[in-house]
Amino acid sequence: MPLTEQVKQSILAANSLLPRDVDRVMSTLLSVPVDAADIYFQSSHFESWSLEGGIVKEGTHSIEHGAGVRVVSGDKTGFAYSDRIELPILLEAANNVKAIVRQGQQAQHRIQTADSWPQLYRPLNPLSSLADQDKIDLLKRVDAETRKLDSRIEEVMVSLVAAYDNVLVANQDGSLIADVRPLVRMNVSVIMVENGRREQGSMGGGGRSDYSYFLEGDRAMDFAREAVRQAQVNLQAEEAPAGNMTVVLGPGWPGILLHEAIGHGLEGDFNRKGTSAFSGRVGERVASDLCTVVDDGTLPGRRGSLSIDDEGTPTENTVLIENGILKGYMQDKLNARLMGVKPTGNGRRESYAHLPMPRMTNTYMLPGQSDPEEIILSVKKGLYARNFGGGQVDITSGKFVFSASEAYLIENGKITRPVKGATLIGNGPDVLTKVSMVGNDMQLDSGVGTCGKEGQSVPVGVGQPTLKIDGMTVGGTSL
Amino acid sequence: MQNQDEIQRLKHVVQQLLDEAKQQGATAAEAAFSVDNGLSVSARLGDVETIEYHCDQGIGVTVYFGRQKGSASTNDVSADSLKETVKAACSIARYASEDEYAGLPDPALLATEFPDLDLNHPWDINAETAITLAVECENAARHFDKAISNSEGATVNSHQGTRVFGNSLGFLQGYQSSRHSISCSVLAGSGDSMQRDYWYSVARNPALLETARFVGEKAAQRTVARLNARSLSTRQCPVLFAPEMASGLIGSLLGAISGSSLYRKSSFLLDSLDSQILPDFVRIHEQPLLVGGMGSASYDAEGVATRARDIVSDGILRSYILSTYSARKLGMQTTGNAGGVHNLIVEPGEQDFAGMLNLLGTGLLVTELMGQGVNRVTGDYSRGASGFWVENGMIQYPVQEITIAGNLKSMLRNIVAIGNDVDLRGNIRVGSILLEQMAIAGE
C-alpha cells in the first residue's frame with residue numbers, strides 16, 4: 001500500500017529504523033502473556049500565523065516526532081514513550097512497560113487487522129500548500145475587508161493554523177497501518193465598540209484539507225462577516241433570563257449539546273467501569289422517539305473524521321441513539337474487549353506521548369420533520385440559542401453545561417430581542433427526552449471543535465438540526 | 001539540590017541555538033530548552049491499572065530580524081534539527097510584519113540574582129512503591145463509607161524537570177524543579193443518583209504531600225456529602241466560593257488585568273489602573289521568591305527579574321500583569337510576568353471556613369463550577385454550579401444542576417469577606433470568598 005510505504009519512509013527510514021527493528025520491539029512486548037500490544041509512531045508538523053492590530057505579528061512552526069509503546073493485560077496497561085525513535089530506546093521502553101504483566105496465562109485474543117478502508121482525506125501537507133507570502137496576504141486581505149464591514153470595529157484578529165500528521169501503528173499481529181492527516185483551521189474575531197460598550201464576535205472553520213479550503217468561494221470572508229454579525233447582535237443584547245424555560249437550539253454548532261449531554265457519557269471506558277450515568281442502559285429510552293444520534297468518523301474531510309483511529313481501526317458510523325433508544329457505546333480496543341463488543345474506531349490519542357481512549361469523532365443528530373420556523377412559532381415564551389462557546393459534563397451525575405454566545409428571547413412565536421450569553425445546564429440522561437420537535441435543517445459545524453478529556457485534546461465535530469427542548473435551566477441574571 | 005551537569009548540558013544546546021540564529025542573520029534571539037521525566041501510576045478497585053513512564057523534551061527559539069519576529073520549536077535536539085528549527089523561525093520572521101514593539105527585554109531588567117528557591121526534590125520512588133501508595137489511597141476511599149459504590153481510581157505522579165533559558169543579550173540560566181501528586185476519585189450511590197468527587201495533594205517536596213490515606217478519605221468524604229443533591233428554585237442570594245473555586249474567580253481577574261487582554265482592549269477592566277476594583281480591605285500581592293512555592297521563579301519566561309509587589313492594595317489596582325511586549329504596547333514597563341504570575345497571594349481575612357459559613361448565613365456554598373461561561377470583554381459571568389445550601393451558617397443539603405450568574409466587575413466590588421482557609425496547592429493562594437449576591441437559576 002503506497003500510503004504505508006510513504007509513512008514508513010517518513011518515520012522509520014528517516015530515523016534509520018528497519019521493519020525488523022519494529023518486530024524486535026514487538027517481540028519484546030510479546031515475551032510476556034499480554035492481551036494486546038502496540039507501537040505508535042508519529043511525526044507532526046504544525047504552524048500558526050496570527051494577525052492583530054493590522055499586522056502579521058508572528059508565526060510559529062513546530063516539528064515533533066516520537067513513539068509510544070503499550071502493552072495491555074486484562075484491564076492493566078503499561079505505557080512508555082520517547083521522542084527518540086531509536087532501537088535501544090524503544091527496547092528499553094518495551095522492557096519497562098511489560099512489567100505491568102505480573103501474572104496470568106498466555107492470552108489468546110486474536111486481533112483482526114483491517115486490510116482496506118476508505119481514505120477520507122488526501123495525504124496533503126497543508127503547510128506547503130500555500131506560499132508563506134500568500135498566507136500573509138490572505139490574513140491581511142481578511143483584516144482589511146473586515147474593517148470595512150462596520151465602522152464600530154475596533155480590533156480584528158485573524159489566525160491561520162495547519163497541522164500535518166503522519167502516524168504508523170504497529171500491532172501485535174505484525175501489521176503496520178499508516179495514516180497521513182492534514183488539518184487546517186482559520187479564525188476571525190472582532191471587537192466592536194458603541195457608546196463605550198464593547199462586545200466580541202468570533203467565527204472560524206476548517207477541516208482535513210489544505211489552505212485552499214479557505215480560498216474556495218469566499219469562505220474566509222464568510223467567517224469574517226459572521227464574526228461581525230455576532231458582535232453587532234451582542235451590542236444590542238439585554239440581560240438574559242434566569243430559570244427553567246423552553247429552549248430552541250439552532251442548527252450546527254449548538255450540537256455541542258449532544259457532545260456534552262450524551263456523547264461523553266457513552267464513551268466505552270466510563271461504561272465498562274460503571275462510572276457513567278448511562279452505564280448499563282443499552283436498550284433503554286434516553287431520548288424522545290424523534291431523536292437519532294450517531295458518532296460518524298467517516299465523513300470525508302471533516303475536522304473530526306479519521307480514516308483509521310489511533311489504534312489502526314477504521315472509523316465507523318456508530319448509532320448511539322435510535323428513535324430515542326440507547327443502542328451502544330463508542331469503543332477503543334481495550335474497552336471493547338473487556339465489554340465483549342467490537343471496537344468502533346473511536347480509539348484516539350492526542351499524540352504518541354498519550355494513551356489512547358474512547359473519544360468522539362463527529363457527533364450529530366439526524367434531521368427530523370419540522371420546519372424551523374414552525375418550531376419557533378410553537379413557542380410562547382422561551383430562549384432561542386443560535387451560537388455557543390464551550391461546554392462541560394460530569395459523566396457520573398449526568399449534569400452538563402454549555403454556554404450560549406448568541407441568544408434571543410422568543411415571545412409569542414417570534415424571535416424578539418437578543419440577550420447576553422448565558423450558561424444552560426441540564427441532565428444528560430433526560431434532556432433529550434424533552435425534545436419535542438426536531439427540524440429538517442441538519443447542519444454540521446464549521447470545523448472548530450476541540451474536545452478535552454483527561455488532559456488530552458483531539459479535534460472533533462458536532463451537528464444537529466434545530467431542536468426544541470421543553471424545559472432547560474437558563475443561567476441568566478434577569479429573574 | 002540542583003544537578004549542575006544536566007543544567008550545563010541544556011545550556012550548551014541553548015547556546016548552540018543562539019549561535020545558529022546569529023549565524024543565520026538574526027539580530028536577536030531567545031531560546032528555551034526543557035526536559036521533564038516522570039512516572040505516573042494509577043490503581044483502581046484495589047489493583048494497578050496503568051503504569052506510564054513520561055519523558056518529554058522541547059526546545060523553542062524566537063528570532064528577531066530588527067522588529068520582525070518568528071518562532072519555532074521541536075522535540076528533536078539533533079544538530080540537524082536545531083539548524084532546521086532556527087531556519088524555520090528565521091523564515092517566519094522574514095515574512096512577519098515590522099512590529100515596533102517587538103524585541104528582547106531591556107537588558108537592565110534581566111535577572112542578575114538567582115537565589116536557590118528549593119524547588120527540586122526528586123522522589124526516589126519506583127513503580128512498585130507508587131502502586132502500593134495508590135492502592136492504599138484508593139482503599140482508604142473505598143472503605144471510608146458504605147455509600148462508596150465505585151471508583152475512578154487513585155493516581156500517584158512524580159515529575160522532575162530541568163529548564164534552561166537564554167537570549168542573545170548574554171542571559172543563560174537554568175534550574176531544576178520537581179512536582180509530585182497523589183489524587184483519588186470515587187463514586188457513591190447508584191443509577192440516577194450517582195455522585196463523584198475527588199481530592200488531590202501536590203507538592204514540590206514529596207515529604208510535604210498529604211498522606212495517601214488522607215487524600216483517599218477526603219475524596220470519599222466529599223463524594224458522600226454530595227449524595228441526594230437537589231436543585232434550587234431561581235433566586236438571588238449570597239454566594240460563598242470554596243477556596244478551590246475562589247482561585248478561579250481571582251484567575252478571571254488576573255486575565256482581565258493582563259497585558260495581552262488590555263492592549264487588545266478585550267478586558268472588562270480597561271483603564272482601571274489606580275482605581276477601585278475591589279473593596280478596600282482587599283490586598284493581592286505577588287511573591288515570586290517564596291522558598292519551595294509552586295509558582296516560584298527568580299526570572300520570568302523572558303529572563304526579566306521577578307519581584308515581590310502589590311497588584312491590589314486597599315482595593316485599588318496598583319499594577320497590571322505585563323510582559324515586555326504588552327508593556328511596550330501600553331507604553332509601560334514589564335512587570336516580569338511573561339508566562340504568568342508567580343505565587344499570587346490574596347491576603348487572608350480573619351475568618352476560618354466555619355466563620356465564613358456564619359458570615360454567609362443563608363445562601364449558597366459553591367464547591368464546583370462547570371463550563372467556561374466567563375466573558376472577559378464584558379465581565380458577564382454565568383456558570384454551572386454545585387455545592388451546598390446553607391442556613392444560619394449550617395450546611396443543609398447538597399445542590400446541583402443550577403447556574404450562578406452576575407458580572408465580574410460588580411461581583412469583585414461586592415466581595416464581603418475573604419477567609420483564612422487558604423488553598424496552598426496552586427499558584428494562586430486564596431481562601432474562600434463571600435459575595436454579597438448572585439443570580440441563581442434552577443428548577
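Helices and strands are taken here as DSSP runs, a helix having at least four residues and a strand at least two. On this basis, residues 29-93 of chain B are 23% helix and 65% strand, with end C-alpha atoms 11 Å apart. The span corresponds to the feature "domain: Metalloprotease TldD/E N-terminal", which UniProt places at these residues in an unreviewed entry. The model described in this section is a predicted one.

In chain A, the feature "domain: Metalloprotease TldD/E N-terminal" is placed by UniProt, again from an unreviewed entry, at residues 37-97. That span of chain A is 18% helix and 69% strand, and its end C-alpha atoms lie 10 Å apart. For "domain: Metalloprotease TldD/E central", the unreviewed UniProt entry gives residues 126-235 of chain A, and the corresponding listing for chain B covers residues 121-227. Over residues 126-235 of chain A, helix accounts for 34% and strand for 45%, while the end C-alpha atoms are separated by 37 Å. Over residues 121-227 of chain B, the values are 28% helix and 43% strand, with 39 Å between the end C-alpha atoms. A further feature, "domain: Metalloprotease TldD/E C-terminal", is listed by UniProt (unreviewed entry) for residues 243-476 of chain A; this part of the chain is 13% helix and 40% strand, and the C-alpha atoms at its ends are 8 Å apart.

Considered as a whole, chain A contains eleven helices and 22 strands. Its radius of gyration is 24 Å, close to the 23 Å that the globule rule gives for 479 residues, so chain A is as compact as a globular protein of that length. Along the principal axes, the C-alpha atoms of chain A fill a box of roughly 70 × 55 × 35 Å. Of the 479 residues of chain A, 63% count as buried, and among the contacts in this chain with a separation of 6 or more, 76% involve residues 24 or more positions apart.

Chain B has nine helices and 17 strands. For its 443 residues a compact globule would have a radius of gyration near 22 Å, and the value of 24 Å found for chain B agrees with this. The C-alpha trace of chain B spans about 70 × 55 × 35 Å along its principal axes. Buried residues make up 60% of the 443 residues of chain B, and 71% of the contacts between residues at least 6 apart in sequence join residues at least 24 apart.

One example of a contact over such a separation in chain B involves B:Leu357, which is located in helix H8 (residues 353-360). B:Leu357 has a relative accessible area of 7% and is therefore buried, the cut-off for this class being under 20%. Beyond its neighbours within four places in sequence, B:Leu357 is in contact with B:Leu240, B:Leu365, B:Val390, B:Gly393 and B:Ile395. Of these partners, B:Leu240 is 117 residues away from B:Leu357 in sequence, yet the two C-alpha atoms are 7.7 Å apart in space.

Rolling a probe the size of a water molecule over the atoms shows where empty space is left. The structure holds four cavities of 30 Å³ or more, and the largest cavity has a volume of about 70 Å³. Its lining draws on both chains, with A:Asp394, A:Ser397, A:Lys399 and A:Ile425 from chain A, and B:Gln195, B:Arg226, B:Glu368, B:Met370, B:Ala385, B:Ser386, B:Gln400 and B:Glu401 from chain B. Strand S12 (363-370), strand S13 (380-391) and strand S14 (394-407) of chain B each contribute at least two residues to this lining. By residue class, the lining of the largest cavity comprises three nonpolar, four polar and five charged residues.

Among the lining residues is B:Glu401, which has a positive phi of about 55 degrees although it is not a glycine. B:Glu401 is placed in strand S14 of chain B and, at 21% relative accessibility, counts as partly exposed. In chain A, a positive phi near 55 degrees is likewise found for A:Ser16, a residue other than glycine. A:Ser16 is situated in the loop between helix H1 (2-12) and helix H2 (19-29) of chain A, and its relative accessible area of 65% means that it is exposed.

How values were computed: Residues numbered from 1 in each chain as written. Chains lettered and ligands numbered in written order. Predicted model: local features only at pLDDT ≥ 70, side-chain atom pairs only at ≥ 80, totals over all residues. Heavy atoms only, no water. UniProt positions renumbered as here; feature names shortened; annotations may be inferred. 1 Å grid on protein atoms, 1.4 Å probe; cavity = no way out; pocket = protein on both sides within 12 Å on 5 of 7 lines; lining within 4 Å. Points joined across faces, edges and corners; volume = space filled by probe spheres on them. Nonpolar A, V, L, I, M, F, W, Y, C, P; charged D, E, K, R; others polar. Rg over C-alpha atoms; globule rule 2.2 N^0.38 Å. Buried < 20%, exposed > 50% of the residue type's maximum accessible area, 1.4 Å probe, protein only. Contact = heavy atoms within 4.5 Å.
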